[in-house]
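The following report describes selected features of a structure for a reader who has not met it before. Please consult the sequence and the model shown here.

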Amino acid sequence: MSKWMPSKGQAALWTGAVLCALLSIPAPCPFNGGPQRAAVPTLAVPTGAMSEPDAVSPTAVPAADNTPGNRSPAHPQRPSTPPSKRPPTGGAHPNHPTPPTPNRPNAAPAEPGSTHRPSVPAQPPSAVPGTPVQPPVGAAPGATPAPSPGVAATPGVIWPTEKLRIRVIDGRTLQPLPGAEVVLIETEQRAVTDRNGYTPWIDAPIIRNPRYRPMVQELHGQLGVIAYKNGYRDSVHLGIRMHEGARSEATVWMYKIGPGDTRIEPVLYQVPYHHLWLIQLADKFRSKTQPGEGPERP
Amino acid sequence: MTRLRCAALSTAGVTAALLTWWMPSATPTAHALQTVDNTPLPSVIRVAIRENNPNGEPDPRGRIVWVQTVPFDTYCKDVLPNEWMPGWNIEALKAGAMAVRMFAWFHHLHPVTIDGFTFDVDNTTNFQSFRYLSDQPQTNRAVDEVRKFAYVKPDGAIIELNYRAGYENNPNWQYRNAQKMAQWGSEYWAEQGRNWLQILQFYYMDRTLRQITS
């Protein structure tokens with residue numbers, strides 16, 4: 001009677017089964033006969049590499065293609081922008097340890113000199129016609145309050161800010177309109193124009209359309225304002241361009257209500273996209289077989 | 001006899017035609033070279049406003065609605081933020097301001113008439129993107145700083161400084177060969193530390209910077 005000895009293959013099978021049971025590896029184990037999982041894209045990274053800080057996780061977004069053929073890589077921000085100006089994509093911010101709650105879009109603290117007036121339904125006293133125009137609290141015309149770290153116009157996202165002021169003029173006479181109240185739609189900030197038609201400089205967020213972030217991020221942020229003044233049609237001014245590192249101005253036209261105006265509705269003005277970005281957007285998806293008319297022609 | 005008369009008449013006709021072709025016209029016109037020395041900087045410029053497309057953007061193929069006369073300086077300040085990005089390096093903006101000014105100056109000297117409208121430029125990318133009252137503080141500063149200069153041929157002739165978008169983060173050498181400035185290239189070189197004159201010299205060869213006396 002011969003003594004039974006396992007073969008090398010059987011020993012390897014048993015050893016594998018014991019290791020699978022002990023280590024509880026979630027990967028499909030061909031030895032235990034369990035149900036095969038759906039194919040999950042995993043990266044074949046050595047175990048030692050995964051412990052490094054910059055190890056690539058399976059869910060990480062692929063890095064931007066910087067090959068010469070791809071002239072417009074999907075960049076999250078302009079490369080020339082300093083890192084301090086880049087908008088964080090999460091709620092965490094060095095100056096905001098607690099991320100803003102979704103129910104409070106104006107989570108940025110009101111600073112002295114700024115024009116933050118979140119959700120104030122009543123008009124400020126200076127907006128009443130006939131009264132001397134008073135700038136918002138602590139913000140004299142032309143004053144530049146200290147820059148705020150960011151404005152949470154989008155829940156969970158704190159955007160970088162830059163200075164913005166609005167000039168309100170009469171659309172027909174092109175004369176400045178004092179006492180007009182201007183509301184920044186995205187942050188509900190309010191400001192009143194002075195006798196030259198200018199609002200104070202306010203900290204406005206640089207909001208880029210998230211739809212285009214994975215493709216070609218917009219070169220400028222876009223904001224909208226509404227201007228109100230008694231005797232004038234409301235003016236909605238959308239698409240105001242905001243740039244990192246540069247102050248921005250926008251001119252809003254308001255049109256006086258005449259005796260023949262029976263249907264009084266807001267006036268809309270839409271600032272077009274900057275054509276440099278449109279060129280980038282079109283060039284991003286240009287195929288090699290159908291080049292079309294690229295920017296190099298003529 | 002009749003044959004001889006016909007031959008004489010045809011010879012006279014050919015001679016008259018040759019004389020008409022060879023002789024200068026009765027009202028000769030002088031075409032003096034328009035240089036920065038004999039041509040003042042324009043005070044205004046005529047901008048044809050083309051109709052907007054349904055999205056509210058000026059349509060380069062839209063019909064001309066009216067011609068707006070704009071102060072020349074205002075025109076340059078309302079073009080630059082729509083052609084260059086106001087957040088770019090100031091040296092790139094100054095190079096762009098010079099290109100915008102010289103482009104407008106050249107076309108002011110060469111107006112066109114389309115559909116009964118005589119104008120110098122229009123408000124679309126047919127010429128330069130122009131939006132009235134769209135000036136920005138940073139681009140205004142760039143226009144002001146190059147106001148006293150002109151970038152012309154060595155003999156002072158006013159030329160059109162043309163430009164195209166180019167590619168981002170790229171020196172855009174191919175535009176240099178075409179005597180055009182790349183807008184993205186101007187930002188690239190400014191970030192590399194070059195000033196606005198060096199950027200102009202890179203893209204426009206055999207040109208010189210002149211001071212405007214007028």
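## Helix packing and local features

H3(B) crosses H4(B) in a right-handed manner, meaning that the near helix is turned clockwise from the far one by less than a right angle. The model is predicted, so local features need pLDDT of at least 70 and side-chain atom pairs count only at pLDDT 80 or more, while totals for chains, interfaces and linings use all residues. Residues are numbered from 1 along each chain as its sequence is written, chains are lettered from A and ligands numbered from 1 in the order in which they are written, and side-chain values use heavy atoms, without hydrogens and water.

Helix H3 (residues 90-109) and helix H4 (residues 137-145), both of chain B, pack at an angle of about 60°, their axes 8 Å apart. H3(B) is therefore oblique to H4(B), oblique being any angle that is not under 35, over 145 or from 65 to 115 degrees. In contact (heavy atoms within 4.5 Å), Ile90(B), Leu93(B), Lys94(B) and Ala97(B) of H3(B) meet residues of H4(B) including Gln138(B), Arg141(B) and Val143(B).

Helix H2 (residues 72-83) of chain B is mostly covered, with 10 of its 12 residues buried, that is, under 20% relative accessible area. Among them are Phe72(B), Tyr75(B) and Leu80(B).

Two residues other than glycine have a positive phi. Both are partly exposed, between the buried limit and the exposed one of over 50%.

| Residue | Phi | Relative accessible area |
|---|---|---|
| Leu174(A) | near 60° | 33% |
| Asn169(B) | near 55° | 49% |

Notes: Axes are lines fitted to C-alpha atoms, for helices over the stretch in contact, and angles run from 0 to 180 degrees between N-to-C directions. Helices (H or I, at least four residues) and strands (E, at least two) are DSSP runs, numbered from the N terminus. Buried means under 20% relative accessible area, exposed over 50%, partly exposed in between (1.4 Å probe, protein chains only).
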